[in-house]
Amino acid sequence: MDIVPGDILEMKKEHPCGSRRWTVLRVGMDFRLRCEGCGREVMLPRKKAEKAVKKHIRPESAGQTEHKEGSSHAI
């Protein structure tokens, strides 16, 4: 699963605040996620987080890099 910071994950189980959506803040051996309902931040091991994902949403701006927006560089 190709998850990058800025992506939104919809989980199978909801958070106690009632929200299922989490924003990805950091990716590595574990993920740092922020609940979109209450703002709580948690860290989950990658394996557990990937298993709990129901839907992966990538915002339009998250897939672009600054190099693609700028003009080509002359050498």
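Of the 75 residues of this protein, 21% count as buried. The model is a predicted one, so it helps to keep that in mind as we walk through it together. The surface exposed by the protein comes to about 5600 Å², and carbon and sulfur atoms supply 51% of that area. Among contacts between residues at least 6 apart in sequence, 33% join residues at least 24 apart.

**Fold**

The protein has 2 helices and 5 strands. Read from the N terminus, the order of elements is β-β-β-β-α-β-α. Several of these elements return below, including β1 (8-11) and β2 (21-26), β4 (41-45) and α1 (46-52), and β5 (53-57) and α2 (66-69).

**The largest pocket**

How much space lies in the largest pocket? About 260 Å³. Its lining is made up of M11, K12, K13, E14, H15, W22, L33, V42, L44, K48 and A52. Sorted by class, the lining has 6 nonpolar, 1 polar and 4 charged residues. Two elements, β4 (41-45) and α1 (46-52), each supply at least two of the lining residues.

H15 is one of the residues in that lining. Its place is the loop between β1 (8-11) and β2 (21-26). Is H15 buried or exposed? H15 is buried, because its relative accessible area is 17%, below the 20% cut-off for that class. Leaving out residues up to four places away in sequence, H15 touches W22, C35, C38 and R40. Of these partners, W22 is also named in the lining of the largest pocket.

**Two cysteines without a bond**

C35, a contact of H15, leads us to the cysteines. How many disulfides does a search of the whole structure find? The search finds 0. The pair C17 and C35 shows the reasoning nicely: the cysteine sulfur closest to that of C17 belongs to C35, at 3.5 Å. A disulfide needs the two sulfur atoms within 2.5 Å, so the 3.5 Å between C17 and C35 is too far for a bond. Seen from the other side, the cysteine sulfur closest to that of C35 is in C17. The two residues fall into separate burial classes: C17 counts as partly exposed at 40% relative accessibility, whereas C35 is buried, with a relative accessible area of 2%.

**Contacts across the sequence**

Three pairs of residues set apart along the chain are worth a look, and the table gives their C-alpha separations.

| Pair | Separation along the chain | C-alpha distance |
|---|---|---|
| A52 and E10 | 42 residues | 8.6 Å |
| P5 and T23 | 18 residues | 7.8 Å |
| P59 and I8 | 51 residues | 7.6 Å |

Take A52 and E10 to begin with. A52 lies in helix α1, while E10 has its place in strand β1. A52 is partly exposed, with a relative accessible area of 26%, and E10 counts as buried because its relative accessibility is 15%. Neighbours within four places in sequence aside, A52 is in contact with E10, M11 and K12. Two of these partners, M11 and K12, appear beside A52 in the list of residues lining the largest pocket. On the same basis, the contacts of E10 are R20, R21, A52, V53, K54 and K55.

Next comes P5, which sits in the segment before β1. P5 counts as partly exposed at 48% relative accessibility. Which residues does P5 contact, its neighbours within four places in sequence aside? They are V24, L25 and V27.

P59 completes the set. P59 is found in the loop between β5 (53-57) and α2 (66-69). With a relative accessible area of 26%, P59 is partly exposed. Not counting residues up to four places away in sequence, P59 touches G6, D7 and I8. The C-alpha atoms of P59 and I8 are 7.6 Å apart, although 51 residues separate the two along the chain.

Terms used. Residues numbered from 1 in each chain as written. Predicted model: local features only at pLDDT ≥ 70, side-chain atom pairs only at ≥ 80, totals over all residues. Heavy atoms only, no water. Helix = DSSP H or I, 4+ residues; strand = E, 2+ residues; numbered from the N terminus. Buried < 20%, exposed > 50% of the residue type's maximum accessible area, 1.4 Å probe, protein only. Contact = heavy atoms within 4.5 Å. Areas by Shrake-Rupley, 256 points an atom, 1.4 Å probe, with all protein chains shown as cover. 1 Å grid on protein atoms, 1.4 Å probe; cavity = no way out; pocket = protein on both sides within 12 Å on 5 of 7 lines; lining within 4 Å. Points joined across faces, edges and corners; volume = space filled by probe spheres on them. Nonpolar A, V, L, I, M, F, W, Y, C, P; charged D, E, K, R; others polar.
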